[in-house]
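Good morning, colleagues. I should like to take you briefly through one structure, beginning with its annotation and ending with its core. Please have the sequence and the coordinates open before you.

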Amino acid sequence: MATSVRGGGFVLPPAAAGRSFSSQSNLLSNRLLLLPKIGPVCAPRFCKLRSSSPFAVEPSATIIDGKAIAQQVRQEIAAEVSKMKESVGKVPGLAVILVGTRKDSETYVRSKKKACEEVGIDSYGVNLPEDTTQDEVLNFVKKFNDDPAVHGILVQLPLPKHISEEAIVGSVCIEKDVDGFHPMNIGALAMQGRTPLFVSCTPKGCIELLVRTGVVIKGKHAVVIGRSNIVGTPAALLLQKQNATVTVVHSKTPNPAEVTRNADIVIAAVGVPELVRGDWLKPGAVVIDVGINPVEDLSTKKGYRLVGDVCYKEACQVASKITPVPGGVGPMTIAMLLSNTLESAKRAYGLVDAAP
Ligand SMILES: Nc1nc(=O)c2c([nH]1)NC[C@@H]1CN(c3ccc(C(=O)N[C@@H](CCC(=O)O)C(=O)O)cc3)C=[N+]21
Ligand SMILES: [Mg+2]
């Protein structure tokens with residue numbers, strides 16, 4: 001049956017019908033990207049065609065291995081953290097505030113704390129009940145704003161309905177805004193000649209994946225699908241800062257496929273399972289898939305599996321490089337959070353290299 005359903009203003013492909021969707025989020029940091037220390041981490045891969053696909057079978061995209069690249073970044077961070085410990089006797093500290101009991105949020109927060117541990121960053125976790133008041137959350141933010149052992153503060157989003165995300169995000173002092181969500185940091189990202197203190201981790205991770213796999217951004221046409229505050233919008237701004245020509249496609253764009261077909265680089269961050277089909281892509285395009293969408297799959301133990309915003313099977317036949325889901329952008333998001341926290345601590349202890 002070939003019916004389509006609507007999601008987020010986009011028509012979902014039949015394969016994705018009947019799914020709830022959740023978009024992933026995050027931030028970036030300031031100063032430029034860690035330089036690649038070793039060669040690109042890519043494994044060639046051959047994807048099987050779905051029988052209905054109009055694409056030829058042979059050319060196959062290189063997988064951008066986000067898990068391996070994130071691992072590499074974490075090693076670099078761990079080395080810097082131990083240098084910091086030797087030179088000033090301190091390590092970076094990250095405070096993570098979670099309100100409520102969403103399973104996905106609990107999982108993300110656990111991964112963030114575990115990643116901190118692995119690289120030697122101290123983490124301070126606060127888990128608050130669903131009915132916590134906005135003032136109570138504001139008090140925790142204030143406490144961490146004033147705590148010199150804390151260099152980064154992350155309030156896990158989404159927050160319960162009765163709490164204003166705007167109020168909470170705006171209360172984090174910008175020097176500790178490792179999520180890069182504060183309007184001051186987004187504003188600086190949007191301005192020519194300004195460098196934000198922090199860039200949101202997910203968009204920063206997307207750029208880092210491109211840089212570390214040798215993809216040239218300057219002069220390229222990038223299409224960002226989605227315009228959320230946490231991914232799409234900062235990703236588009238960051239790509240412009242890297243001298244790409246950027247188009248943003250969103251739910252009111254009349255011909256998203258046609259626009260996307262012009263892209264050398266596609267960043268899909270819309271939270272609609274497999275929205276981007278093979279025929280949305282120009283042959284040879286580089287595809288960064290930010291979506292992490294659970295779709296029902298009764299053959300798995302959990303009853304669901306994760307798919308991206310891109311139909312991976314089809315895109316593999318057309319793209320030159322592509323990130324998988326999971327194992328693509330997600331692990332980089334966490335690595336960039338660690339990187340932002342390290343950078344913040346370096347600033348606090350006067351260890352920052354000369355301005356770029
Ligand atoms: N204040 C705030 N900052 C955030 O950065 C933030 C947030 N709120 N709210 C939710 C989103 C989502 N997010 C992810 C982080 C890691 C993975 C990740 O590691 N994913 C793995 C595993 C996926 C899985 O198995 O569940 C992967 O893609 O391979 C995904 C998503 C951060 N977010
Ligand atoms: Mg989004």
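Let me begin with an annotated span. UniProt, in an unreviewed entry, assigns residues 200-348 the feature "domain: Tetrahydrofolate dehydrogenase/cyclohydrolase NAD(P)-binding". Please bear in mind that what we are viewing is a predicted model. In the model, residues 200-348 are 35% helix and 19% strand, and the C-alpha atoms at the two ends of this span lie 19 Å apart.

The unreviewed entry in UniProt also carries the feature "domain: Tetrahydrofolate dehydrogenase/cyclohydrolase catalytic", placed at residues 64-179. Here the secondary structure amounts to 51% helix and 16% strand, with the end C-alpha atoms of residues 64-179 separated by 24 Å.

I turn now to the protein as a whole. It comprises 356 residues, of which 47% count as buried, and it contains 10 helices and 14 strands. If we take the contacts between residues at least 6 apart in sequence, 71% of them join residues at least 24 apart.

Which residues have the most contacts inside the largest nonpolar core? They are Val-266, Ile-267 and Ala-315, in a core of 94 residues. Helix 10, residues 329-348, supplies the largest share of this core, with 9 residues.

Let us finally look at Val-266 in detail. Leaving aside residues up to four places away in sequence, Val-266 touches Val-223, Ile-225 and Thr-260. Its further contacts, on that same basis, are Val-276, Leu-281, Ala-285, Val-287 and Ile-288.

Thank you for your attention.

Methods. Residues numbered from 1 in each chain as written. Chains lettered and ligands numbered in written order. Predicted model: local features only at pLDDT ≥ 70, side-chain atom pairs only at ≥ 80, totals over all residues. Helix = DSSP H or I, 4+ residues; strand = E, 2+ residues; numbered from the N terminus. Buried ≥ 20, exposed ≤ 12 C-beta atoms within 10 Å, placed from the backbone. Contact = placed C-beta atoms within 7 Å. Core = buried A, V, L, I, M, F, W, Y, C linked by C-beta atoms within 7 Å. UniProt positions renumbered as here; feature names shortened; annotations may be inferred.
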